[in-house]
Amino acid sequence: GIVRKSTNLICTISDDRGEEVLYAGKPLSRVLEDGMGIGGVIGLLWFKKEIPPWAAEFIELVLQIVADHGPAVSAAHNAIVASCAGKDLITSLASGLLTIGPRFGGAIDDAAREFKRARDSGLSPEEFVRGMKAKGVNIPGIGHRIKSVKNPDKRVELLIGYARENFARTDLLDYALSVQEITTAKKGNLILNVDGCIGILFIDLMGSCEVFDEREIDEVIRYGYLNGLFALGRSIGIIGHILDQKRLDSRLYRHPQDDIAYMLPKLG
Ligand code: ACO
Ligand code: LMR
C-alpha cells in the first residue's frame, strides 16, 4: 500500500496548495462573495468557524475602536521615536507593538480570565476586589491614566452599547460594572477600561453564540487570543504615526533634559 511520509508540521487553518487559498476550508473567492469582511476572516483564521454577522461586526467595531489613541501612548510614542531615529516602517511598527503588555493594551486576556474566574467561582464583586487587593495585584481591565468617572471613555460606552443591543447575554459585563462601582468609589480613574471591556464582552459574545462552547472559551483565555485584537487594531494607528513622521521629515528625537530628574548616587 501507499506509505505516507510523516510530516514535521501540522496546519489546521489554511491551505495554499490549490488554485486558490482556503481559509478554514473556505475558498477565498467564497469568503469575498459572502462579504465576510475582516471580522468573518478572523472568525475563520482564529476560530476556524463561520461566526454570525453580529459577532463579526463586534470584532470590526473593536478593531476600529482601538485603532489609535493619539501620539502620547506607549505604542505610538515608541514607534514615533524609532521612526525619528531613521528606522524603517516594519522595525518602527515592531517597536510600538512591543509595548503592548499587562499595563497597556495587553490586559484583555488577563481581564477576561480574572473576571470570569471570579464570577464563576461565585465571588461577589466586593470579595473579588478585596481578594485582588490582598494579593497586591492590580485588577486587569480596571484603571486609566486619563479617563475617569468625570472624563468617561467614549470607546467603552460604544462597546457596551453594541453589546446591549446585539448580544443575547451580557452577564459578565454586568458583573464587571458592579466591580467598577466599587473601584471608582475608591478612586475616580479606576474605571472599566477599554481592555477590560473588550475582554469581558468577548466572553459574553462567546456565551451568546451557539457556535462556541465552554471548552473554546477556556482555550481563548488560555492561549491569549484576545490581546491579538489590540495588536491588530492598534497596528493601523501605529503605521499611521510612522508614516506621519516620515512625511514630516522629523528630526532625531531626544528627550528634553529639563524633563528628566537626574537623581544619581554620590559615589567617589
Ligand atoms: N486595580 C486596583 N487598583 C488599582 C488599579 C487596578 N487595576 N490600577 C491602579 N490602582 C491603584 C493603585 O494600586 C494605586 O493605589 P494607591 O494610590 O493606594 O497606591 C492607585 O490606583 C494609582 O495607581 P497607579 O499605578 O499610579 O495608576 P496609573 O494611573 O499609573 O495606572 C494603569 C494606570 C497602568 C492602567 C493601571 O490602572 C493598571 O495597571 N491597570 C490594570 C492594567 C490594565 O487594565 N491596563 C490597560 C489599560 S487600557 C489600555 O491600555 C488600552
Ligand atoms: C490607549 O488606547 O492607548 C489607551 O487607552 C491608553 C491611554 O493612556 O490612552
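In the predicted model, a nitrogen atom of ligand 1 lies 2.8 Å from a polar backbone atom of I139. A polar backbone atom of G141 is likewise found 2.8 Å from ligand 1, here from an oxygen atom of the ligand. A side chain also takes part: an N or O atom in the side chain of N138 is 3.2 Å from an oxygen atom of ligand 1. On its own, ligand 1 has 930 Å² of accessible area, and 66% of this is covered by the protein.

The surroundings of ligand 1 comprise 19 residues. The closest of them are G105, I139, G141, I142 and N193. Two of these, I139 and G141, thus belong to the closest residues and also offer the polar backbone atoms described above. By residue class, the shell of ligand 1 consists of 9 nonpolar, 6 polar and 4 charged residues. The space that ligand 1 takes up is the largest pocket.

Ligand 2 is surrounded by H69, V73, F104, H144, R155 and R234. This shell is made up of 2 nonpolar, 2 polar and 2 charged residues. V73 and F104 are the nonpolar members, H69 and H144 the polar ones, and R155 and R234 the charged ones.

Three side chains of this shell were examined for their distances to ligand 2. In the case of H69, an N or O atom of the side chain is 2.7 Å from an oxygen atom of the ligand. For R155, an oxygen atom of ligand 2 lies 2.7 Å from an N or O atom of the side chain. The side chain of R234 also has an N or O atom at 2.7 Å from an oxygen atom of ligand 2. Ligand 2 exposes 260 Å² when taken alone, of which the protein buries 83%. The space occupied by ligand 2 is the largest pocket, as was stated for the space of ligand 1.

The cysteines were considered next. A disulfide is a covalent bond between the sulfur atoms of two cysteines. The structure contains 0 disulfides. C197 is in no disulfide, and the cysteine sulfur nearest to it, that of C209, is 18 Å away. A disulfide would require the two sulfur atoms to be within 2.5 Å. C197 is classed as buried because its relative accessible area is 0%, and the limit for this class is under 20%. C84 has a relative accessible area of 11%, so C84 is buried as well.

Key: Residues numbered from 1 in each chain as written. Chains lettered and ligands numbered in written order. Predicted model: local features only at pLDDT ≥ 70, side-chain atom pairs only at ≥ 80, totals over all residues. Heavy atoms only, no water. Near = heavy atom within 4 Å. Polar contact = N/O pair within 3.5 Å; in protein donor to acceptor, adjacent residues only side chain to side chain. Areas by Shrake-Rupley, 256 points an atom, 1.4 Å probe, with all protein chains shown as cover. 1 Å grid on protein atoms, 1.4 Å probe; cavity = no way out; pocket = protein on both sides within 12 Å on 5 of 7 lines; lining within 4 Å. Sits in = over half its atoms within 2 Å of the grid points. Buried < 20%, exposed > 50% of the residue type's maximum accessible area, 1.4 Å probe, protein only.
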